[in-house]
Amino acid sequence: MLADEADRGALLVTGGSRGIGAAISRLAAAHGYAVIVNFVSDERAAGALVEDIRSRGGRAAAVRADVARESDVLSLFEQVDRLFGPLSALVNNAGITGGFSRVDAVTAGMLERLWAVNVTGTILCAREAVRRLSLKHGGRGGAIVNVSSRAAELGSPGEWVHYAASKGAVNTFTIGLASEVAGEGIRVNAVAPGLIETDIHAAAGDPGRLSRLASRIPMGRAGTAEEVGEAVIWLLSCAASYVTGSILTVSGGR
Ligand code: NAP
């Protein structure tokens, strides 16, 4: 059952198949977006999510692409153009941690992949979105939301300073791009989640991370992917029409 049946156009959610991205995709479909669910490896999860959205009357399609590869990003946006009509919004959600490591043990290989996904991928996808959305390029305007992290401000010492630094770059990019395209009909914002219940912690090798760190969160618990998704949907919506260049913290006070 759709919560809101207005047609909001096509929304691309990178890394939209699992975790926070999947929650954003579900909520966006319920709000009337036709959702392109991007994934890189887990085709089954992406397919199941698309099926679930369709079974509730929403519109969705899954597209495989590694956002770290320019050729994949170009092909992803070509498919976006064909699937549901003109793009109206982008959520740059795909991200990886690079794994736990103190800085004195970090490797160039970890950094290359981390930067390629979290920073290069975010910027390349934003570039393609601006080329389609900007009034200057003949587009109709739109919105971009980047999924950053509270780590960008906290620095994540002893866990993943390298990851925190990549999200610092996402924050700076958000602020700069927002100013650059503010006169072209595009709003650009970010959300900065705190500790959120997804597979990313176990994938990094620490499944107990959330319960171990919960006592450090003023609200005393980790957040859900849906709680982040609600913030993203608001930033995409007309209700946030005067909001650009903002980094919205969703972290239970942490
Ligand atoms: P997750 O559960 O590990 O899901 C990651 C998603 O990104 C999956 O859909 C994955 O696709 C996709 N992905 C990974 N690398 C990709 C690539 N190169 N190209 C395209 N898609 C790719 O992660 P999450 O916890 O939901 O995190 C989502 C975002 O929130 C990330 O940017 C993360 O840094 C940020 N964040 C998370 C937390 C948290 O506590 N969970 C906190 C702050 C910020 P496959 O399924 O195909 O692998």
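This is a short tour of the ligand site and the pockets, in viewing order. The model is predicted.

**Stop 1: the ligand**

Select the ligand and show its surrounding residues. The shell holds 32 residues. Label the closest ones: Ser17, Arg18, Ser41, Tyr163 and Thr198. Now colour the shell by residue class. You should see 14 nonpolar, 12 polar and six charged residues.

**Stop 2: backbone contacts**

Turn on backbone atoms and draw three distances. Start at Ile20, where a polar backbone atom sits 2.8 Å from an oxygen atom of the ligand. Go on to Asn93: a backbone N or O atom there also lies 2.8 Å from a ligand oxygen. Finish at Ala65, where the partner is a nitrogen atom of the ligand, 3.4 Å from a polar backbone atom.

How much of the ligand's accessible area does the protein cover? Taken on its own, the ligand has 910 Å², and the protein covers 95% of that.

**Stop 3: elements around the ligand**

Switch to cartoon. Five elements give two or more residues each to the shell. Pick out helix H1 (19-30) and strand S2 (34-39). Then add helix H4 (108-133), helix H6 (161-181) and helix H7 (200-203).

**Stop 4: the largest pocket**

Hide the ligand. The space it takes is the largest pocket. That pocket has about 1,100 Å³ of space. Its lining counts 49 residues. Select Gly95, Ile96, Thr97, Thr198 and Ile200, the lining residues closest to the pocket centre. Thr198 is also among the residues closest to the ligand.

Which elements give two or more residues to this lining? They are H1, S2, H4, H6 and H7, together with helix H5 (151-154) and helix H8 (209-213). By class, the lining splits into 21 nonpolar, 16 polar and 12 charged residues.

**Stop 5: the second largest pocket**

Move to the second largest pocket, with a volume of about 250 Å³. Select its lining: Asp7, Arg8, Tyr33, Ser88, Ala89, Gly142, Ala143, Arg187, Leu236, Ser237, Cys238 and Ser241. Strand S4 (87-92) and strand S5 (142-147) are the elements that give two or more residues here. Colour by class once again: five residues are nonpolar, four polar and three charged.

Methods
Residues are numbered from 1 along each chain as its sequence is written. This is a predicted model: local features need pLDDT of at least 70, side-chain atom pairs count only at pLDDT 80 or more; totals for chains, interfaces and linings use all residues. Side-chain values use heavy atoms; hydrogens and water are left out. A residue is near a molecule or strand if one of its heavy atoms lies within 4 Å of it. A polar contact is a pair of N or O atoms within 3.5 Å; within protein, one must be able to donate a hydrogen and the other to accept it, and residues adjacent in sequence count only if both atoms are side-chain atoms. Accessible areas come from the Shrake-Rupley method with a 1.4 Å probe; for residues, only the protein chains shown count as cover. On a 1 Å grid over the protein atoms alone, a cavity is a set of points where a 1.4 Å probe fits but cannot get out, and a pocket is an open set with protein on both sides within 12 Å along at least five of seven lines; lining residues have an atom within 4 Å of a point. A molecule sits in a cavity or pocket if more than half of its atoms lie within 2 Å of its grid points. Helices (H or I, at least four residues) and strands (E, at least two) are DSSP runs, numbered from the N terminus. Ala, Val, Leu, Ile, Met, Phe, Trp, Tyr, Cys and Pro count as nonpolar, Asp, Glu, Lys and Arg as charged, and the others, Gly among them, as polar. Grid points are joined across faces, edges and corners, and a volume is the space filled by probe spheres set on the points.
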